[in-house]
Amino acid sequence: MNEPMDMAGSAAAAGRQPPPDEAETIGAGFAAILGELVQLLERFSETGERGVIDLHTLPMSPVEYENLRDVLGRGEVAAELDIGGPSSIYETSFHGAWWVQHCTPDGEVAAEYIEVAAVPEMLLADASEARRDAQRLRTRIAHWEPLASNEGVTEDD
Amino acid sequence: MTRSESVQTVNDALDRQGISRRTFLKSCMLAASAMALSPLAGSAMAKQLGKMKRPSVIYLSFQECTGCLESLTRSFSPTLEHLIFNVISLDYDDTLMAAAGHQAEAAKEQAMRDNYGKYVLVVDGAIPLAFGGACHTAAGKSAIQILKEAAKGARAIVAVGTCATFGGLPHANPNPTGAIGVSDLIKDKPVINVSGCPPIPVVMAGTIMHFFAFDKVPELDELHRPKMFYGNTIHDRCYRRPFYDAGKFAESFDDEGARNGWCLYKLGCKGPTTYNSCATLKWNQGVSFPIESGHPCLGCSQPNFWDGGSFYAALPTPKWGKAGEGNPSKAGEIAGAAAGIGAGVGLAAAGLSRYRQYRRAIKAAAAAENGDDSDGQSKEE
């Protein structure tokens with residue numbers, strides 16, 4: 001349970017994978033999670049409000065955990081982050097419901113949750129950081145020397 | 001720590017250290033998860049902390065072994081315990097700071113003046129009262145004087161480690177220095193106890209972060225410990241609990257039960273009467289904790305645990321101290337209840353364990369008198 005996700009394998013899948021038949025996979029153990037997710041998705045669609053279901057602290061058996069991942073499936077978008085240890089984010093087959101997993105540098109799962117949002121907060125770029133990096137890029141450009149007319153051209157060209 | 005550095009915002013400090021917003025956000029989310037808060041709370045923590053000026057923290061050490069500070073600082077990755085030092089402005093810590101002597105003391109007094117009423121005081125180590133407080137003196141002042149002076153301008157006090165919270169090892173019988181905890185001396189400021197010998201690093205850092213991020217003392221238990229970290233016993237969350245319930249116990253440290261990872265109750269585990277987060281947060285960034293490594297819980301986050309009888313004598317009759325000190329009677333009730341919940345197996349196991357220990361001790365003593373090197377254990381045991 002709670003093994004780090006194989007992002008490469010899932011990224012190879014083309015398009016969305018529809019979830020399996022709900023009647024065959026949903027158990028009483030996590031029906032409440034799905035019910036809460038429905039409410040969060042509806043609220044997001046009406047108001048744009050972000051919501052989170054923390055999976056790490058919920059008592060779930062390994063079977064329930066896998067069933068939940070199977071039911072939610074995988075969508076079109078996936079991201080891998082390297083921020084003080086690996087983190088993985090992918091959109092489930094339900095638009096706006098994202099599965100987020102944060103690991104320690106040793107690969108231990110430290111936090112795992114479903115985030116309902118247009119884009120998970122972790123993926124957003126920060127305006128102040130962008131402002132700082134614009135200045136950094138400007139400085140770098142200023143230090144570039146223009147190429148001579150024949151520089152970079154070899155005899156074979 | 002210069003004054004100009006101390007007025008920077010936390011975001012400025014993180015940027016200067018090359019720590020991205022995403023890394024800080026992740027650390028806050030992990031901290032929120034450790035506090036049983038939603039990841040959204042972690043996001044709120046990151047936003048609130050990021051824009052605030054780095055809060056001043058003054059760290060005082062008294063009768064201590066430095067284990068608490070080592071626990072907090074021995075981090076090898078950008079975890080919360082590491083980032084805490086980028087969030088706060090640690091204006092005085094006589095173990096970590098480069099300055100010494102009069103310069104160090106002047107820095108402390110300057111920080112106390114500049115941040116009067118706003119700084120957080122972190123204390124580790126017990127405070128000795130005997131001989132007028134002479135058992136711990138620094139810069140010509142006793143620990144009592146130093147603590148009282150620093151507490152005057154503090155917004156809150158975080159006592160880290162069992163020594164600072166309940167007196168710890170210095171307080172153990174016969175307590176020759178008259179050692180006490182911070183809350184036994186300071187009565188007019190909020191004191192948050194973060195007990196443990198040492199406390200788990202994320203518990204220390206998380207408590208401090210929670211105070212600054214949410215601008216209030218977290219909900220505390222009857223021993224003034226944050227309930228988010230001390231709300232459950234080790235026994236409540238121990239992964240070996242099913243073995244306790246099934247009556248499967250290790251009888252010695254090298255028997256089949258020990259090798260199979262069975263319950264360590266009969267080997268003296270104090271998990272049923274100890275409140276801490278070791279079973280969930282674990283140690284060394286989640287690698288393990290004492291029980292998982294095969295050793296019974298010592299009860300190190302409880303008052304008077306050094307005087308609770310042998311670490312290897314099974315409950316249910318702990319001796320946590322006199323009535324009224326750290327709820328020993330309640331601890332005894334809980335121990336009895338825990339044994340009861342174990343369908344009487346715990347009581348029987350404890351009694352049998354203590355009888356066998358007694359027999360082994362008698363045999364070992366007899367063997368020693370006869371010049372026999374064996375430990376007196378017979379195969380039928």
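A cavity here is a set of points, on a 1 Å grid over the protein atoms alone, where a 1.4 Å probe fits but cannot get out, and its lining residues have an atom within 4 Å of a point. Grid points are joined across faces, edges and corners, and a volume is the space filled by probe spheres set on the points. By that recipe, the second largest cavity comes out at about 40 Å³.

This is a predicted model, in which local features need pLDDT of at least 70, side-chain atom pairs count only at pLDDT 80 or more, and totals for chains, interfaces and linings use all residues. Side-chain values use heavy atoms, with hydrogens and water left out, residues are numbered from 1 along each chain as its sequence is written, and chains are lettered from A and ligands numbered from 1 in the order in which they are written.

**Cavities**

- Searching the whole structure turns up 2 cavities of 30 Å³ or more.
- The largest cavity holds about 110 Å³ of space.
- Its lining counts 13 residues, and B:H235, B:C238, B:C263, B:C269 and B:I291 are the ones nearest the centre.
- Two elements of chain B, α14 (234-237) and α15 (241-245), give two or more residues to the lining of the largest cavity; helices (H or I, at least four residues) and strands (E, at least two) are DSSP runs, numbered from the N terminus.
- By class, the lining of the largest cavity splits into 9 nonpolar, 2 polar and 2 charged residues. The bins are Ala, Val, Leu, Ile, Met, Phe, Trp, Tyr, Cys and Pro as nonpolar, Asp, Glu, Lys and Arg as charged, and the others, Gly among them, as polar.
- The second largest cavity is lined by B:V57, B:Y59, B:L72, B:I84, B:F85, B:I88, B:L90, B:V122 and B:I208, which sort into 9 nonpolar, no polar and no charged residues.
- For the second largest cavity, β1 (56-61) and α6 (80-87) of chain B each supply at least two lining residues.

**The chain B sheet**

- An open sheet of 5 strands runs in the order β2-β1-β3-β7-β9 (chain B) with parallel pairing; strands count as paired if DSSP finds at least two bridges between them.
- At the edges sit β2 (89-93) and β9 (191-194) of chain B, each with a single partner strand, so one side of each has no neighbour in the sheet.
- On average, neighbouring strands of this sheet are turned by 20° against each other, direction ignored. Axes are lines fitted to C-alpha atoms, for helices over the stretch in contact, and angles run from 0 to 180 degrees between N-to-C directions.
- β7 (residues 154-160) and β9(B) run parallel and share 4 bridges, with B:V158 matched to B:I192.
- Helix α12 (residues 201-214) of chain B lies across β1, β3 (119-124), β7 and β9 of chain B, at about 155° to β9(B).

**The chain A sheet**

- Chain A has an open sheet of 5 strands too, ordered β1-β5-β4-β3-β2 with antiparallel pairing.
- Its edge strands are β1 (51-54) and β2 (78-82) of chain A, each pairing on one side only.
- Helix α4 (residues 62-72) of chain A packs on the sheet, touching β3, β4 and β5 of chain A, and its direction makes about 135° with that of β4(A). Contact means heavy atoms within 4.5 Å.

**Strand β4(A) and its partners**

- In β4 (residues 97-103) of chain A, 7 of 7 residues are buried, where buried means under 20% relative accessible area, exposed over 50%, and partly exposed in between (1.4 Å probe, protein chains only).
- In a regular strand the side chains alternate between the two faces of the sheet.
- A:A97, A:W99, A:Q101 and A:C103 point one way from β4(A), while A:W98, A:V100 and A:H102 point the other way.
- β3 (residues 86-91) of chain A pairs with β4(A) over 5 bridges, antiparallel, and A:E91 partners A:W98.
- β4(A) and β5 (residues 109-116) of chain A also run antiparallel, joined by 7 bridges; A:Q101 stands opposite A:E112, and A:A97 has A:V116 as its bridge partner.
- Both pairings are hairpins: β3(A) and β4(A) have 5 residues between them, with A:G96 in the turn at a positive phi of about 90°, and β4(A) and β5(A) have 5 residues between them, with A:G107 in the turn at a positive phi of about 90°.
- A:T104 sits in the loop between β4 and β5 of chain A and is buried at 13% relative accessible area.
- Beyond its neighbours within four places in sequence, A:T104 contacts A:G84, A:G85, A:P86 and A:A110.

Conventions. 1 Å grid on protein atoms, 1.4 Å probe; cavity = no way out; pocket = protein on both sides within 12 Å on 5 of 7 lines; lining within 4 Å.
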